[in-house]
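Subject: Structure handover

Hello,

Here is the structure I said I would pass on. My notes on what was found in it follow below.

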Amino acid sequence: MLIAGNWKMNTDLPGGLALARALAAGVQEAGEEAFADVDLAVCPPYVHLSGIADVLADVPVAVGAQNVHAEEEGAYTGEISAAMLTSAGCTHVIVGHSERREAFGETDADVRAKIVQARSHGLVPILCVGETIEQRRAGNAAAVVRRQLDGALDGVDVDTADDLIVAYEPIWAIGTGETATPEQAQEMHALIRRDLTDRFGDPAADVEILYGGSMKRHNAAGLLRQPDVTGGLVGGASLTADHFLDIARHAAAQVPA
Ligand code: PGA
């Protein structure tokens, strides 16, 4: 189980540090046992990363970025490299979020190049896939997700379950308050699991497949109870420490004792 927060373009630096401190305090108050079986991560804006990595240094909350450039270094004004991210304390990076695909024109080939680059620096990519409402209504959701997986993972090696995380994020559920039903999520997560197994064999059984799209503390339990939903990528609700940690508690409750 993994609960990861995607802060998107929210919080200024003092606000982001305060949120990270609230998370650290919440994790410490809950005690070591509370989240022993759940991995936690936050993906704040770039400029917050190193400060937040310091704040979270003594608590089991990993730090990830929301994007990375595919090239090693050089004349790419405004971009951030994988080496910069690791040196700022990141262990994870979101790639292919639908907002980047839609608003910034990222293609499957771009996403694949970012995954390769992230992996070469030891960053764990959180690959986002998901369909639009029109694609779902037309009965094409599964085909769209399969195509995204193909485009992003063709030629990528996954040797252990820790090499990759996938997040299924139906676009119609992101930031809308409308969530996929647990059954809709499970159906797509099972498809993703099968696809990963065909590609990578045994390690695919333990790759985390997160659900994202209006996951909140009131609906997280039902989603996380599904066998192939092994965590969440949480946007809006990750901006409040209590809400985020409540979702993590629901995740912890799903792990067999
Ligand atoms: P949301 O965002 O939880 O606010 O819907 C999820 C995401 O886009 O990762």
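A residue counts as buried when its relative accessible area is under 20%. Asp 228, at 16% relative accessibility, is therefore buried. Please keep in mind that this is a predicted model.

Salt bridges

The structure holds eleven salt bridges. Side chains of opposite charge can pair when their charged atoms come close. Three of the bridges are described here.

Asp 228 forms a salt bridge with Arg 193, and their closest N and O atoms are 3.2 Å apart. This pair links distant parts of the chain, 35 residues apart: Arg 193 belongs to helix H8 (residues 182-200), while Asp 228 is in the loop between helix H9 (220-224) and strand E8 (231-234). Arg 193 has a relative accessibility of 11%, so Arg 193 is buried.

Glu 106 forms a salt bridge with Arg 100, with 2.7 Å between the closest N and O atoms. Glu 106 is buried, since its relative accessible area is 9%. Arg 100 and Glu 106 are also part of a network of salt bridges that includes Lys 114. In addition, the charged end of Arg 100 sits over the ring of Phe 104, at 4.3 Å from the centre of that ring.

Asp 246 forms a salt bridge with Arg 249, where the closest N and O atoms are 3.0 Å apart. Both residues are in helix H10 (residues 241-254), and because they are three residues apart there, about one helical turn separates them. Asp 246 has 22% relative accessibility and so counts as partly exposed. Arg 249 is likewise partly exposed, at 39%.

A buried charge without a bridge

Which side chain of opposite charge is nearest to Glu 208? It is Arg 193, 6.3 Å away, and Glu 208 has no salt bridge although Glu 208 is buried. A salt bridge needs a side-chain nitrogen of Lys or Arg within 4 Å of a carboxyl oxygen of Asp or Glu, which is why a separation of 6.3 Å does not count as one. Arg 193 does form a salt bridge with Asp 228, as described above. Glu 208 is located in strand E7 (residues 208-212). Leaving aside residues up to four places away in sequence, Glu 208 touches Met 1, Leu 2, Asp 39, Leu 164, Ile 165, Val 166 and Thr 230.

The aromatic pair

Strand E7 comes up again here. The count of aromatic pairs is one. The pair is formed by Tyr 168 and Tyr 211 in an edge-to-face arrangement, with 6.4 Å from centre to centre and 65° between the planes. Tyr 168 is in strand E6 (residues 165-168) and Tyr 211 in strand E7, so the pair links distant parts of the chain, 43 residues apart. Both tyrosines, Tyr 168 and Tyr 211, are buried.

A glycine in strand E1

Gly 5 lies in strand E1 (residues 2-6). With a relative accessibility of 0%, Gly 5 is buried. Not counting residues up to four places away in sequence, Gly 5 touches Ala 41, Val 42, Cys 43, Val 234, Ser 238 and Phe 244. The C-alpha atoms of Gly 5 and Ile 52 are separated by 13 Å, and these two residues are 47 apart along the chain.

Regards

How values were computed:
Residues are numbered from 1 along each chain as its sequence is written. This is a predicted model: local features need pLDDT of at least 70, side-chain atom pairs count only at pLDDT 80 or more; totals for chains, interfaces and linings use all residues. Side-chain values use heavy atoms; hydrogens and water are left out. Helices (H or I, at least four residues) and strands (E, at least two) are DSSP runs, numbered from the N terminus. Buried means under 20% relative accessible area, exposed over 50%, partly exposed in between (1.4 Å probe, protein chains only). Lys and Arg count as positive and Asp and Glu as negative; His and the chain ends are not counted. Contact means heavy atoms within 4.5 Å. Rings of Phe, Tyr and Trp (its six-membered ring) pair if their centres lie within 6.5 Å; planes under 30 degrees apart count as stacked, over 60 as edge-to-face and the rest as tilted. A charge sits over a ring if NZ of Lys or CZ of Arg is within 6 Å of the ring centre and within 35 degrees of the ring normal.
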